[in-house]
Amino acid sequence: MTDLVITGHEDGVLNIWTVSTSMMKLVYSQETERLLEPKMSNLVDAMGGYEDEIEMRQIGRYNPYLNDPKLSICQMELCPFGRILCSANDKGEIYKFVFNSAKRSLETPICNIDLSPINMPDINLDKPTVDKTSSGLIEFPPGLQPELCIKVFPPLPILTMALNPSAGLLALGTVYGLAIID
């Protein structure tokens, strides 16, 4: 039996480490940044011309020019029996991953949940209107593969999350409310 540690990082990366020896060894790494969107190819376009305004330096894998601070993993739930891992970030996105030992092409459903209060003043945020799927089939290597993406509006950190795979339920909470997904 192997002892594992799962860590979530500020750049939206999930790492799985083995700790069966005296040293931690990285076994698997899963990126959640733009998981269901095409990758940005040009560094200059991504920086948007702000490189001369503020002097920042890269610390670890976090790049202050490219990484969104809201990608930071704030909650994780694991069901080792169902091989399910749910992760939530500070942007109000929850990813439900299922471990699969084969390479698959998936079209991941995206579920939008509106938890904004009724008396919330109109703010200029892009309020989601309909649920959709990722743009076309995306090929995922063996390992953690996204089964569901949940986007909460307003985009706030997920404060609590609970997973019950035997009942097929995922509960999440923000400062504005609670949602249970079946």
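1. A hairpin links strand β2 to strand β3, and six residues make the connection. In this predicted model, β2, which covers residues 13–18, runs antiparallel to β3 and is joined to that strand by six bridges. One of the pairings that can be picked out by residue is that of N15, whose bridge partner in β3 is S29.

2. On the preceding side, β1 and β2 also pair in the antiparallel sense, here over five bridges. The hairpin of β1 and β2 has four residues between the strands, and in this hairpin G12 takes a positive phi near 85°. For a reader who wishes to find the register of the pair on the screen, I6 is a convenient place to begin, with I16 as its bridge partner in β2.

3. The residues of that last pair come up again when one turns to the pockets. The second largest pocket has a volume of about 400 Å³. Its lining consists of 13 residues, of which L4, I6, I16, L78 and F99 are the closest to the centre of the pocket. I6 and I16 are thus bridge partners and are also both named among the lining residues closest to the pocket centre.

4. As to where the lining of the second largest pocket comes from, the elements that give two or more residues to it are β1 (4–8), β3 (25–31), β5 (84–89) and β11 (143–153). Which class of residue makes up this lining, and in what numbers? By class there are eleven nonpolar residues, together with one polar and one charged residue.

5. Two points of backbone geometry deserve a look in the model. R83, which is not a glycine, nevertheless has a positive phi of about 55°, and this residue is placed in the loop between β4 (73–79) and β5. The peptide bond that leads from F153 to P154 is cis, with omega near -5°, and P154 belongs to the loop between β11 and β12.

6. The loop between β11 and β12 (160–164) also holds L159, a residue that takes part in a feature of the surface. Together with V175 and Y176, L159 makes a nonpolar surface patch of about 310 Å². The loop that contains P154 is therefore, by the strand limits used here, also the one in which L159 is found.

Key: Residues are numbered from 1 along each chain as its sequence is written. This is a predicted model: local features need pLDDT of at least 70, side-chain atom pairs count only at pLDDT 80 or more; totals for chains, interfaces and linings use all residues. Side-chain values use heavy atoms; hydrogens and water are left out. On a 1 Å grid over the protein atoms alone, a cavity is a set of points where a 1.4 Å probe fits but cannot get out, and a pocket is an open set with protein on both sides within 12 Å along at least five of seven lines; lining residues have an atom within 4 Å of a point. Grid points are joined across faces, edges and corners, and a volume is the space filled by probe spheres set on the points. Ala, Val, Leu, Ile, Met, Phe, Trp, Tyr, Cys and Pro count as nonpolar, Asp, Glu, Lys and Arg as charged, and the others, Gly among them, as polar. Patches are made of residues with over 30% relative accessible area and no salt bridge: like charges are joined within 9 Å, nonpolar side chains (Val, Leu, Ile, Met, Phe, Trp, Tyr) within 5 Å. Accessible areas come from the Shrake-Rupley method with a 1.4 Å probe; for residues, only the protein chains shown count as cover. A salt bridge is a side-chain nitrogen of Lys or Arg within 4 Å of a carboxyl oxygen of Asp or Glu. Two strands pair if DSSP finds at least two bridges between them.
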